[in-house]
Amino acid sequence: MIHSYKNYQPIIHNSVYVAKNATIIGDVTIDEQSSVWFNTVIRGDVAQTTIGKRVNIQDLSMVHQSPDTPVIIEDDVTIGHQVTVHGAVIRQNALIGMGSIILDGAEVGENAFIGAGSLVPPGKKIPPNTLALGRPAKVVRDLTEEDYHEMERVRKSYVEKGQYYKQKTELY
């Protein structure tokens, strides 16, 4: 379901796949070939949310903001199942593992990998090209070539799945 909020209507590129039971509200922009999966909620009713190209926001995730703390998700990001992103910045090519929570003012660096179930607390900066995990998340190592390949595999598979589901949905 796509809803306006006050004077804000979501702006969603026509190549984006949005599952029928996902909810997108208000001041939200989603760029090309991104996908928003089942039971995900993206509420742009406090500040702006900007989602780049080829981003996948997987099932049961939630994206929201705080006053003067927008959400920015750059290109080629993977947001795993049941992730909460609240007032944070996620840089290009990052992967946020399932069940993680990224809070106000946090920034996940380019190519960073946040392990499943992690908590990135308010204001925490995760450096580029690192694996961080835990509650609170701490950097445990630099990423390997294998990590980069796996992150790319996931991104590409979700672009393909999103385009498949979008085409299938348009047929019915």
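Begin by selecting strand β4, residues 23-30, where 7 of the 8 residues are buried, so that the strand is mostly covered. Keep in mind throughout the tour that what is on the screen is a predicted model.

With β4 still highlighted, add its partners one at a time. Strand β1, residues 2-3, pairs with β4 in the parallel sense over 2 bridges, and a convenient residue to pick out here is His3, which stands opposite Ile25 in β4. Next add strand β2, residues 11-12, which also pairs with β4 in the parallel sense over 2 bridges; in this pairing Ile11 stands opposite Thr29 of β4. Then extend the selection to strand β6, residues 41-51, which runs parallel to β4 and is paired with it over 7 bridges, with Gly26 having Gly44 in β6 as its bridge partner.

While β6 is in view, show the side chains of Arg43 and Asp45, which meet in a salt bridge with an N to O distance of 2.9 Å. Are these two residues buried, partly exposed or exposed? Asp45 has a relative accessibility of 21% and therefore counts as partly exposed, and Arg43, at 32%, counts as partly exposed as well.

Now move to the loops and select Glu74 and Arg91, which form a salt bridge whose closest N and O atoms are 2.6 Å apart. This pair links distant parts of the chain, since Glu74 sits in the loop between β9 (71-73) and β10 (78-79) while Arg91 sits in the loop between β12 (89-90) and β13, 17 residues apart. Glu74 is partly exposed, with a relative accessible area of 24%, and Arg91 is likewise partly exposed, with 26%. Adding Glu107 to the selection completes a network of salt bridges that links Glu74, Arg91 and Glu107.

From the second of these loops, follow the chain into strand β13, residues 95-96, and show strand β16, residues 113-114, beside it; the two pair in the parallel sense over 2 bridges, and Ile96 has Ile114 in β16 as its bridge partner. Both strands belong to an open sheet of 8 strands with mixed pairing, which can be traced in the order β3-β5-β7-β10-β13-β16-β19-β20. Which strands stand at the edges of this sheet? They are β3 (17-18) and β20 (138-142), and because each has a single partner strand, one side of each is left without a neighbour in the sheet.

The edge strand β3 leads to the next stop, the largest pocket, which holds about 150 Å³ of space. Its lining is made up of 12 residues, of which Ile2, Val16, Tyr17, Val18 and Lys166 lie nearest the centre of the pocket. Both β3 and helix α1 (145-170) supply at least two residues of this lining, and α1 gives the largest share, with 3 residues. Coloured by class, the lining shows 6 nonpolar, 3 polar and 3 charged residues.

Finish on helix α1 by selecting Glu152 and Lys156, which form a salt bridge with the closest N and O atoms 3.1 Å apart. Both residues lie in α1 and are separated by 4 residues, about one turn of the helix. Glu152 is partly exposed, with a relative accessible area of 31%, and Lys156 is also partly exposed, with 48%. To look further, note that the structure holds 7 salt bridges, among them those visited on this tour.

Methods
Residues numbered from 1 in each chain as written. Predicted model: local features only at pLDDT ≥ 70, side-chain atom pairs only at ≥ 80, totals over all residues. Heavy atoms only, no water. Pairing = 2+ DSSP bridges. 1 Å grid on protein atoms, 1.4 Å probe; cavity = no way out; pocket = protein on both sides within 12 Å on 5 of 7 lines; lining within 4 Å. Points joined across faces, edges and corners; volume = space filled by probe spheres on them. Nonpolar A, V, L, I, M, F, W, Y, C, P; charged D, E, K, R; others polar. Buried < 20%, exposed > 50% of the residue type's maximum accessible area, 1.4 Å probe, protein only. Salt bridge = Lys/Arg side-chain N within 4 Å of Asp/Glu carboxyl O.
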